[in-house]
Amino acid sequence: GLSAIALLAAFPADARRGEQDDARQDMAAGKVKSLREIEASVVPRMRGMQYLGPEYDPSAQVYRLKFINKDRVIFVDVDARTGNILRQR
């Protein structure tokens, strides 16, 4: 399976930094919940899976949390405004 490091290496550091800045700005403006709040509600539901980390889409205001279960990567898209899970695949 892929390690978290290999997956992180697939995303350029400057792109991740941009996502973090966008998420921080939206959170500061009161538009979205914090990543911590989102993770606290979603991660415990994903029993037995390793959490690999988040991505943030500022235009959709959606966090995508990445998990791995054995050799399968699972993406959970969460509405950053409400914390509701939109889809899991």
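The exercises below concern a pocket, a core and one aspartate in a predicted model. Local features need pLDDT of at least 70 and side-chain atom pairs 80 or more, while totals for chains, interfaces and linings use all residues. Residues are numbered from 1 along each chain as its sequence is written, and side-chain values use heavy atoms, without hydrogens and water.

**Exercise 1.** Find which element gives the most residues to the lining of the largest pocket.

Solution. Step 1: the lining has 14 residues, with Gln 20, Ala 23, Arg 24, Leu 35 and Tyr 63 nearest the pocket centre. Step 2: two or more lining residues come from each of helix H2 (13–28), helix H3 (35–42) and strand E1 (50–57). Step 3: H2 gives the most, six residues.

**Exercise 2.** State which members of the largest nonpolar core touch the most other members.

Solution. Step 1: such a core is a set of buried Ala, Val, Leu, Ile, Met, Phe, Trp, Tyr and Cys residues joined through side-chain atoms within 4.5 Å; buried means under 20% relative accessible area (1.4 Å probe, protein chains only). Step 2: among its 13 residues, the answer is Val 42, Tyr 63 and Val 76. Step 3: H3, strand E2 (62–69) and strand E3 (72–79) each give two or more residues to this core.

**Exercise 3.** Explain why Asp 79 counts as buried, and locate its surroundings.

Solution. Step 1: Asp 79 lies in strand E3. Step 2: Asp 79 counts as buried because its relative accessibility is 12%. Step 3: a polar atom of the Asp 79 side chain lies 3.3 Å from the backbone nitrogen of Thr 82. Step 4: beyond neighbours within four places in sequence, Asp 79 is in contact (heavy atoms within 4.5 Å) with Ile 38, Gln 61, Asn 84 and Leu 86.

How values were computed
1 Å grid on protein atoms, 1.4 Å probe; cavity = no way out; pocket = protein on both sides within 12 Å on 5 of 7 lines; lining within 4 Å. Helix = DSSP H or I, 4+ residues; strand = E, 2+ residues; numbered from the N terminus. Buried < 20%, exposed > 50% of the residue type's maximum accessible area, 1.4 Å probe, protein only. Polar contact = N/O pair within 3.5 Å; in protein donor to acceptor, adjacent residues only side chain to side chain.
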